[in-house]
Amino acid sequence: MVFLVPDKPLNVQLRRKSPHEIEVTWEEPKIAVAGYRVYYNNFQTPNMEDWTKLDVGPYTIADIRIPDEKSTYVVRVQAKSVDGRFGNLSDPALDNFVLKR
């Protein structure tokens, strides 16, 4: 049986739910997926091993907890095929949170 590797998730959106939590949403690829990996970091570094990652099920929403409420975060999402392979990373989404004083 041959499984296709999913396309990159599209339209990644970020919304601050609280000073320490960001809701991430995205559009699912056109083929079935087993889940997603959400990467997030304070800086957009090319080495994904430096990013924090969160594995989620086949849902197009995830909440990430962040330790520093004053920082801006970059998020990327990667779809996982049913045979366990990961597709390409989404385009980076930037959290432009500004604290209101």
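**Exercise 1. Find how many aromatic pairs this predicted model holds, and classify the geometry**.

Step 1. The count comes to 1 aromatic pair in this predicted model.

Step 2. Look at the rings of Trp26 and Tyr36: their centres lie 5.0 Å apart and their planes meet at 65°. Planes over 60 degrees apart count as edge-to-face, so the Trp26 and Tyr36 pair is edge-to-face.

Step 3. Now place the two residues. Trp26 sits in strand β2 (residues 21–27) and Tyr36 in strand β3 (residues 35–41). The two are 10 residues apart, and the pair links distant parts of the chain.

Step 4. Check the surroundings: Trp26 and Tyr36 are both buried.

**Exercise 2. Work out how strand β2 is enclosed and which strands pair with it**.

Step 1. Of the 7 residues of β2, 5 are buried, so the strand is largely enclosed by the rest of the structure.

Step 2. Turn to β1. This strand pairs with β2 in the antiparallel sense over 6 bridges, and a hairpin through 2 residues joins β1 to β2.

Step 3. Then follow β2 to β5. These strands also run antiparallel, joined by 5 bridges. For one position to check in the viewer, take Glu21, whose bridge partner in β5 is Arg65.

**Exercise 3. Describe how Arg15 and Glu23 are connected, by strand pairing and by side chain**.

Step 1. Start with the strands: the bridge partner of Arg15 in β2 is Glu23.

Step 2. Next come the side chains. Side chains of opposite charge can pair when their charged atoms come close. Arg15 and Glu23 form a salt bridge, with the closest N and O atoms 3.3 Å apart, which is within the 4 Å cut-off.

Step 3. Compare the exposure of each partner. Arg15 has a relative accessible area of 44% and is therefore partly exposed. Glu23 has a relative accessibility of 15%, so this residue counts as buried; the cut-off for buried is under 20%.

**Exercise 4. The count comes to 6 salt bridges; examine two that link distant parts of the chain**.

Step 1. Take Lys8 and Asp91, whose side chains meet in a salt bridge at 3.0 Å, N to O. Lys8 belongs to the segment before β1 (10–18), while Asp91 lies in the loop between β7 (86–89) and β8 (93–94), 83 residues apart.

Step 2. Assign their exposure. Lys8 is partly exposed because its relative accessibility is 30%. Asp91 is partly exposed as well, with a relative accessible area of 48%.

Step 3. Move on to Asp63 and Lys17, where the salt bridge is 3.0 Å from N to O. Asp63 is in strand β5 (residues 61–65) and Lys17 in strand β1, 46 residues apart.

Step 4. Assign exposure again: Asp63 has 33% relative accessibility and counts as partly exposed, and Lys17, at 38%, counts as partly exposed too.

**Exercise 5. Decide whether Ile64 is buried or exposed, and list what it touches**.

Step 1. Locate Ile64 in strand β5.

Step 2. Ile64 has a relative accessible area of 1%, so this residue is buried.

Step 3. List the contacts. Leaving out residues up to four places away in sequence, Ile64 touches His20, Glu21, Ile22, Val24, Val38, Tyr40, Leu54 and Val75.

Step 4. For a distance check, pick Asp50, 14 residues from Ile64 along the chain: the C-alpha atoms of Ile64 and Asp50 are separated by 16 Å.

Key: Residues are numbered from 1 along each chain as its sequence is written. This is a predicted model: local features need pLDDT of at least 70, side-chain atom pairs count only at pLDDT 80 or more; totals for chains, interfaces and linings use all residues. Side-chain values use heavy atoms; hydrogens and water are left out. Helices (H or I, at least four residues) and strands (E, at least two) are DSSP runs, numbered from the N terminus. Buried means under 20% relative accessible area, exposed over 50%, partly exposed in between (1.4 Å probe, protein chains only). Contact means heavy atoms within 4.5 Å. Rings of Phe, Tyr and Trp (its six-membered ring) pair if their centres lie within 6.5 Å; planes under 30 degrees apart count as stacked, over 60 as edge-to-face and the rest as tilted. Two strands pair if DSSP finds at least two bridges between them.
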